[in-house]
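Hi,

Here is the structure I said I'd pass on to you. Have a look at it first, then read my notes below with the picture open next to you.

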Amino acid sequence: MNNNKNLRTWSNFKKEKLDYKSENEKKVINEMAKLVIQIVNRRKSLGLTQAQVAGRAGITQAQVARLENSSSIPTIETVMKVAIALGMTVGLSYLDEQSATLMDHA
């Protein structure tokens, strides 16, 4: 019997983790979830398996699976390796105008 309660998604992970995290930690989880969702969508649109992506990225299939199913928050290095393997880039942008103004004066 397959117990679907044990299957985790980034959506479920966010719900579980956001209940007791600081505001900054919540933002980190949300931003990582956005990245992972884009990565999963790209992999699927290219018709690649996790194993194929892992081979291209120089990591294990298990690492790709953990990245996709949120068994842990991945390192930025793992995210970047997978993104590059899928022909993607990882970029930074200001979350809001106030943050941009603060950074300009730093």
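**Helix α5 and its surroundings**

Let's start with α5, where T78, V79, V82, A83 and A85 are buried. Looking down the axis of α5, you'll find these buried residues within an arc of 165 degrees, so they line one face of the helix. And what sits over them? The cover for the buried residues of α5 includes α2, α3 and α4. Before we go on, please keep in mind that this is a predicted model.

Take T78 as an example from helix α5. Its relative accessibility is 13%, and since buried means under 20%, T78 counts as buried. Which residues does T78 touch, once its neighbours within four places in sequence are left aside? Those contacts are I59 and Q63.

If you follow the chain to the spot just after α5, you'll come to G87, which has a positive phi of about 75 degrees.

**How α3 and α5 pack**

When two helices pack, people describe them by the angle between their axes and the distance between the axes. For helix α3 (residues 50–57) and helix α5 (residues 76–85), the angle is about 105 degrees and the axes are 8 Å apart. Angles of 65 to 115 degrees count as roughly perpendicular, and α3 and α5 are therefore roughly perpendicular to each other.

Which residues make this contact? On the α3 side they are V53, R56 and A57, and they meet K81, V82 and A85 on the α5 side. Sorted by type, the residues of this contact come out as 4 nonpolar, no polar and 2 charged. Notice that V82 and A85 turn up here again, having already appeared among the buried residues of α5.

**The salt bridges**

Side chains of opposite charge can pair when their charged atoms come close. How many salt bridges does the structure hold? There are 4, and here are three you can look up, among them one inside α5.

- E77 pairs with K81, with 3.3 Å between the closest N and O atoms. Both residues lie in helix α5, 4 residues apart, which is about one turn of the helix. E77 is partly exposed at 49% relative accessibility, and K81 is partly exposed too, at 32%. You've met K81 already: it is one of the α5 residues that meet α3.

- E23 pairs with K26, and here the closest N and O atoms are 3.2 Å apart. These two residues both belong to helix α2 (residues 23–46) and are 3 residues apart, again about one turn of the helix. E23 has 55% relative accessibility and counts as exposed, while K26 is partly exposed, with a relative accessible area of 22%.

- R43 pairs with E68, with the closest N and O atoms 2.6 Å apart. R43 is in helix α2 and E68 is in helix α4 (residues 61–69), so this pair ties together parts that are 25 residues apart in sequence. Is R43 buried or exposed? At 10% relative accessibility, R43 counts as buried. E68 is buried as well, with a relative accessible area of 14%.

If you want a route through the model, try the buried face of α5 to begin with, then the contact of α3 with α5, and then the bridge from R43 to E68.

Cheers

Notes
Residues numbered from 1 in each chain as written. Predicted model: local features only at pLDDT ≥ 70, side-chain atom pairs only at ≥ 80, totals over all residues. Heavy atoms only, no water. Axes fitted to C-alpha atoms, helices over the stretch in contact; angles between N-to-C directions. Parallel < 35°, antiparallel > 145°, perpendicular 65-115°, else oblique. Contact = heavy atoms within 4.5 Å. Nonpolar A, V, L, I, M, F, W, Y, C, P; charged D, E, K, R; others polar. Salt bridge = Lys/Arg side-chain N within 4 Å of Asp/Glu carboxyl O. Buried < 20%, exposed > 50% of the residue type's maximum accessible area, 1.4 Å probe, protein only. Arc of directions from axis to C-beta.
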